[in-house]
Structure formats: structure tokens, C-alpha cells
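Trainee: Before we go further, I would like a close look at a single part of this model, set against the chain as a whole.

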Amino acid sequence: MKQELYKPNKGKQLVIDVNGTSYYRYPIKTEVFAKGDDYAVKIARFISTAVDTFSKEKDFNCDWYVIVSEKIVAISQGRSYFIKDIKPSWWAKTLSKYVKKTPHGIGLGSPWTMELAIGEVGLPRILLAAVASVLTKPFGLSGVFYRIAGPQAAAIDGPTSYSLYPSNVSAKLAPKDPQKAATKISDEIKSKLTDEALIKRFKGTVIIDANDLGRNALGNATGKPNGFFEDVMRDNPMGQGSEQTPLVILTL
């Protein structure tokens, strides 16, 4: 594929090296996703259009994968909530004060996202994560809170100024059943493709929670381990706001 077909987002690169092999990450621009969308059908439509363009290039004869931002799946599933509709408890207000905030995202550092986390994984688990984080902090250990709270809590996002509406005024849970969702997307993509060679070379879908702090593969319908995709997306080439590129086609 020729690199000029799809340009990288500002400050990002199309190509990344993983263990001596170069991989191309082509960001795919989409429409905004909304509650009630059939995310698999919508994703497959954008991917099949992109692949149809790619297939006209003589050198598109490699294995390829689709990487999906967990945000658009969660939004489609109705797991995004306006912060005005979230009523934080005393626990949520108190615990959120002790979560480290960064320029890259709120995480659970707001009463609204913390309330969602308590509802998603339970107050006992959140309290255990908080205590463990405090006890291990003197030893220089980081990320303990999220490791104990789990990926469902770690994937919760709060409103950010750079996000498109309604994400700039909403908080969002992780997708429901992300493994099942990844398989559903893969099946839908295959059903939209007509070229048997392209279908054969398509190796599946990964749903990933990626930001400038880290990556976490939530659903993986491929033959490769989560760590591979977390590594290949380590510089977060997806668009987090006005870029509107929540999909990536990954190739050699």
C-alpha cells in the first residue's frame, strides 16, 4: 500500500517497528457513533470501503487486522452517560480526590467516573484498590489501583475538552462483552468483503483502550496475543478528538 492513501494523524507516524518488523497503521476516518448504532455494521462499512481502495494497489497482498477504539463500541451500546445525569455518592466524591490526574485524561479522578466504576465493579473492589495503592505508594509502585480495580474500571473515560460532542460532556464505561463484540465485528467485515483473497488475509479484530498513557486490549478475535497489539499501538496513532479516526487497519 502507498502511504499517501491514508495519512497519519498530526504528531503520529504510519509505521512502527515491533521486534525488528515494520507495521503500518492506517487511520480510518468515520462518522460519529451514537447510542443504538449497530457498531459492527457501521465499522464494516468503513473498513470495506477502505480495503476496496487498498486492494487496487498491487502490493496489498499481506495479512491485515482491524483495530477498533473501545469508545465507539461502548457509545453504540449505550454505555456513555451525560455527567449531568450521574449522581456521585459520598464514596465517589471522596475517593476521586486521591486519583492522580494527568493532562491525557481524567480516568477515575472525577466523582462521575468514580461513580461509574463503583457501579461497574463494586465498592469493595474499589476500596481494596484504593487501600493497596496507598500502601504501595511509598515503594514507588504505580498503577496498583487500576491493576486491582481491573480493566473494566481502567477503561472508564471522563469528559475531555478535545473530544467531540457528546464525549466532551459525558463519562463512559468500557464496552460490554468486548470479546464477543470483536468477533461480531470480524464476522461482519468478512460478510461485506467480496474478494476471497482479502477475506483469507483478514486475520481479525482487536478492540483496544488506547491513550497517551497506555494501551489495553479488551477484546481480541485474532491469533496474536494482546501484548502484540498493545505494543504496535504504543504511540496511540488513533485520533482522540476531531480527527474522527477510531479505526486502524494494521498491515506489514
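Trainee: What percentage of the contacts in the chain with a separation of 6 or more is accounted for by residues 24 or more positions apart? And in strand β1, which side chains point to one face and which to the other?

Mentor: This is a predicted model, in which local features need pLDDT of at least 70 and side-chain atom pairs count only at pLDDT 80 or more, while totals for chains, interfaces and linings use all residues. Residues are numbered from 1 along each chain as its sequence is written, and side-chain values use heavy atoms, with hydrogens and water left out.

To your opening question, residues 24 or more positions apart supply 67% of the contacts in the chain with a separation of 6 or more, where a contact means heavy atoms within 4.5 Å. The chain has ten helices and eight strands, that is, DSSP runs of H or I with at least four residues and of E with at least two, numbered from the N terminus. Its radius of gyration, taken over C-alpha atoms, is 19 Å, which agrees with the value near 18 Å for a compact globule of 252 residues, the globule rule being 2.2 Å times the number of residues to the power 0.38. Along the principal axes of the chain, the C-alpha trace spans about 60 × 40 × 30 Å, and 46% of the 252 residues count as buried (under 20% relative accessible area with a 1.4 Å probe and protein chains only; exposed is over 50%, partly exposed in between).

Turning to the part you asked about, strand β1 covers residues 15-18, and its side chains alternate. I16 and V18 point to one face, where they are buried, whereas V15 and D17 point to the other and are not buried. Strand β2, residues 21-28, runs antiparallel to β1 and is joined to it by four bridges, where pairing of two strands requires at least two bridges found by DSSP. V18, one of the buried residues of β1, has T21 of β2 as its bridge partner. Together the two strands form a hairpin with two residues between them, and N19, in the turn, has a positive phi of about 55 degrees.

A positive phi is also found elsewhere, at G122, just after helix α4, where the angle is about 100 degrees. That helix spans residues 111-121, and its buried residues are T113, M114, L116, A117 and I118; among the elements covering them are β4, α3, α5 and β5.
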